[in-house]
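Grab a pencil and open your viewer. Below are some short exercises, each with a worked solution to check yourself against.

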Amino acid sequence: MTTTRQAYSRRDFFGSFFRRGREAATPEPIGTEAQVAIIQGRFCLAYQKSFCSVCSERCPESEAIVIEGGIPRIVADNCTGCSICRDVCPAPRNAILIKPCVTA
Ligand code: SF4
Ligand code: SF4
């Protein structure tokens, strides 16, 4: 007759810990986290009264960057976080950050 203790092998016992550990340690696939662009006014040329609209001209999403009074503004709902605007920003200190979306 097989007792419960004999039926539960050492492999089962230790395997349950390792399986749990592996599942917990599985990272999020890269690129799945939603991101959004943020303009840092102190570095942006347009905020310093220089004409610049490169980010809005190169943004592939409609209405993700709007220019109001010469100043660019990100419309978070339309931004995909693709980072093209950051790549093309000509400011001496890049004015655009790409950050994970924060949901309230
Ligand atoms: S490209 Fe850079 S410097 Fe130019 S308006 Fe956009 S954020 Fe400002
Ligand atoms: S991250 Fe992409 S979609 Fe968002 S504002 Fe910049 S260029 Fe446009």
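How do the residues of the shell around ligand 2 divide into nonpolar, polar and charged?

**Solution.** Keep in mind that you're working with a predicted model.
- Step one: collect the shell. Ligand 2 has 13 residues around it, and A37, C59, C79, C82 and C85 are the closest.
- Step two: sort by class. You should get nine nonpolar residues, three polar ones and one charged one.

**Exercise 2.** Repeat the job for ligand 1: find which residues come nearest and split the shell by class.

**Solution.**
- Step one: out of 13 residues around ligand 1, the nearest are C44, L45, C52, C55 and C89.
- Step two: the class split is 12 nonpolar, one polar and no charged residues.

**Exercise 3.** Work out the order of helices and strands along the sequence, then see how much of the protein is buried.

**Solution.**
- Step one: count the elements, which gives four helices and four strands.
- Step two: walk the sequence and write them down as you meet them: α-α-β-α-β-β-α-β.
- Step three: check burial. Of the 104 residues in the protein, 16% are buried.
- Step four: look at contact range. Taking contacts with a separation of 6 or more, 62% link residues 24 or more positions apart.

**Exercise 4.** Decide how far to trust the coordinates, starting from the average pLDDT.

**Solution.**
- Step one: the mean pLDDT of the protein is 83, and 68% of the residues reach at least 70.
- Step two: find a weak stretch. Residues 20-25 have pLDDT below 50, and this stretch makes zero contacts in the model beyond near neighbours in sequence.
- Step three: draw the moral. Where pLDDT is low, don't read the predicted coordinates in detail.

**Exercise 5.** Take A34 and G81, and say of each whether it is buried or exposed.

**Solution.**
- Step one: place them. A34 sits in the loop between α2 (10-25) and β1 (35-39), while G81 belongs to the loop between β3 and α4 (84-88).
- Step two: count neighbours. A34 has 11 other C-beta atoms within 10 Å, so it is exposed. G81 has 20 other C-beta atoms within 10 Å, so it is buried.
- Step three: list contacts, skipping residues up to four places away in sequence. A34 touches G81, P100 and C101. G81 touches A34, Q35, V36, A37 and I98.
- Step four: add C-alpha distances. A34 and T80 are 46 residues apart along the chain, yet their C-alpha atoms are separated by 7.4 Å. For G81 and A37, 44 residues apart along the chain, the separation is 5.7 Å.

**Exercise 6.** Which residues have the most contacts inside the largest nonpolar core?

**Solution.**
- Step one: recall the background. In soluble globular proteins, nonpolar side chains tend to be buried together.
- Step two: pick out the core. The largest one has 15 residues, and C55, C85, C89, A95 and I96 have the most contacts inside it.
- Step three: zoom in on C55. Leaving out residues up to four places away in sequence, C55 touches I65, P72, C85, V88, C89 and I96.
- Step four: tie this back to the ligands. C55 and C89 are also among the nearest residues to ligand 1, and C85 is among the closest to ligand 2.

**Exercise 7.** Track down K49 and E63, two non-glycine residues with a positive phi, and describe where each is found.

**Solution.**
- Step one: K49 has a phi of about 70° and is found in the loop between β1 and α3 (54-58).
- Step two: E63 has a phi of about 65°, and its loop is the one between α3 and β2 (65-68).
- Step three: check exposure. K49 is exposed because it has 8 other C-beta atoms within 10 Å. E63 counts as exposed too, with 11 C-beta neighbours inside 10 Å.

**Exercise 8.** Describe how β2 and β3 pair.

**Solution.**
- Step one: β2 and β3 (residues 71-74) run antiparallel, joined by four bridges.
- Step two: match residues across the pair. I67 has P72 as its bridge partner in β3, and V66 stands opposite R73.
- Step three: inspect the turn. The two strands form a hairpin with two residues between them, and G69 in the turn has a positive phi of about 60°.

Technical notes:
Residues numbered from 1 in each chain as written. Chains lettered and ligands numbered in written order. Predicted model: local features only at pLDDT ≥ 70, side-chain atom pairs only at ≥ 80, totals over all residues. Near = placed C-beta within 6 Å. Nonpolar A, V, L, I, M, F, W, Y, C, P; charged D, E, K, R; others polar. Buried ≥ 20, exposed ≤ 12 C-beta atoms within 10 Å, placed from the backbone. Contact = placed C-beta atoms within 7 Å. Core = buried A, V, L, I, M, F, W, Y, C linked by C-beta atoms within 7 Å. Pairing = 2+ DSSP bridges. pLDDT = per-residue confidence, 0-100.
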